[in-house]
Amino acid sequence: MPPAIAAAFHRRRSTANGSTRVKMDATDVIASVKAELGKPSPFQPDKSKVSIYVDCSPTAAPMFKGRRGDELSAELSAAIQRCLLGGKSGAGGGIDLSSLSIVEGKVCWDLYIDGLVVSSDGNLLDALGAAIKAALSNTGIPKVHVATSASSDGQPEVDVSDEDFLQFDTSRVPVVVTLTKVGRHYIVDATSKEESQMSSAISVSINRQGRIRGLTKRGGAGLDPSAVLDMISVAKHVSEQLMNKLDSEISAAEACEEES
């Protein structure tokens, strides 16, 4: 069974921000998204750039205090990067970086995604993945008008709207499902106590179309290829239930926001 989810939105469309707070059982995380105009990389002139950073609050758990907290923040940031973007390049990832291009090689929307762990009782990657997907659905990208008089070799002039926004397309953004191996069993939504007894864990990011967009493994114990395939099969089944629950929470939160 997928974990219990509760989501709350805070929308700031005027600055192209979206943010969401997600609780999965006793794990509580916040994700925020900010879009800023930037210049594409010369190696990928038709794509935007995405930066992901996760901060583990020292009050969330004793293990987050001091150097260990910094190390875990770096590990979670890298794991979420792999799960959502398929790696640093974003190739094969769940966010369409080409859709954020404005003028190829000149101007694009860069996304800055921040995650904050407020409290933790395990299953952090899944909670952060759900929060980021929900925050992206809550993010408005301002419409941009490009001056036609700009020269082909110069930096184009752009006019960013303060009133008109485009809804960010999250139809292919995946959720993350982690299966934790404890003894002979694979556990979904493992608690901190269960994670402390694990031999290994696999986190799989899967989108609505059932396609795997990233995979990351923790723990030193090896896994038989057949076991990995079984875990991926279970993750696909759980991801469908998780997305349905997340979509339901998003719809309910948006309805409450419209009424307020």
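## A tour of the salt bridges and a four-stranded sheet

Five salt bridges turn up in this model, a salt bridge being a side-chain nitrogen of Lys or Arg within 4 Å of a carboxyl oxygen of Asp or Glu. What you have open is a predicted model, where local features need pLDDT of at least 70, side-chain atom pairs count only at pLDDT 80 or more, and totals for chains, interfaces and linings use all residues. Residues are numbered from 1 along each chain as its sequence is written, and side-chain values use heavy atoms, with hydrogens and water left out.

**Stop 1: colour by confidence.** pLDDT is the predictor's confidence in each residue, from 0 to 100. The protein chain averages 82, and 86% of the residues score at least 70. Among its elements, strand β1 (residues 5–12) has the lowest mean at 52, while strand β6 (residues 107–119) has the highest at 92. Helices (H or I, at least four residues) and strands (E, at least two) are DSSP runs, numbered from the N terminus. Now pick residues 10–16: pLDDT stays under 50 there.

**Stop 2: the sheet.** Select β10, β9, β11 and β12, in that order; they form an open, antiparallel sheet. Strands pair if DSSP finds at least two bridges between them. β10 (185–188) and β12 (212–218) are the edges, each with a single partner strand, so one side of each has no neighbour in the sheet. Zoom in on β11 (residues 200–206), which six bridges join to β12. Here Ala201 stands opposite Arg218 in β12.

**Stop 3: the helices across it.** Add helix α1 (residues 67–85), which lies across β9 (175–182), β11 and β12, at about 150 degrees to β12. Helix α2 (residues 124–137) also lies across β9, β11 and β12, running at about 175 degrees to β9. Axes are lines fitted to C-alpha atoms, for helices over the stretch in contact, and angles run from 0 to 180 degrees between N-to-C directions; contact means heavy atoms within 4.5 Å.

**Stop 4: charged pairs.** Show Arg208 and Asp247 as sticks: this salt bridge has its closest N and O atoms 2.5 Å apart. Arg208 sits in the loop between β11 and β12 and Asp247 in helix α4 (residues 225–259), so the pair ties together parts 39 residues apart in sequence. Next, try Asp28 with Arg21, at 2.7 Å. Buried means under 20% relative accessible area, exposed over 50%, partly exposed in between (1.4 Å probe, protein chains only). Asp28 is buried at 6%, whereas Arg21 is partly exposed at 34%.
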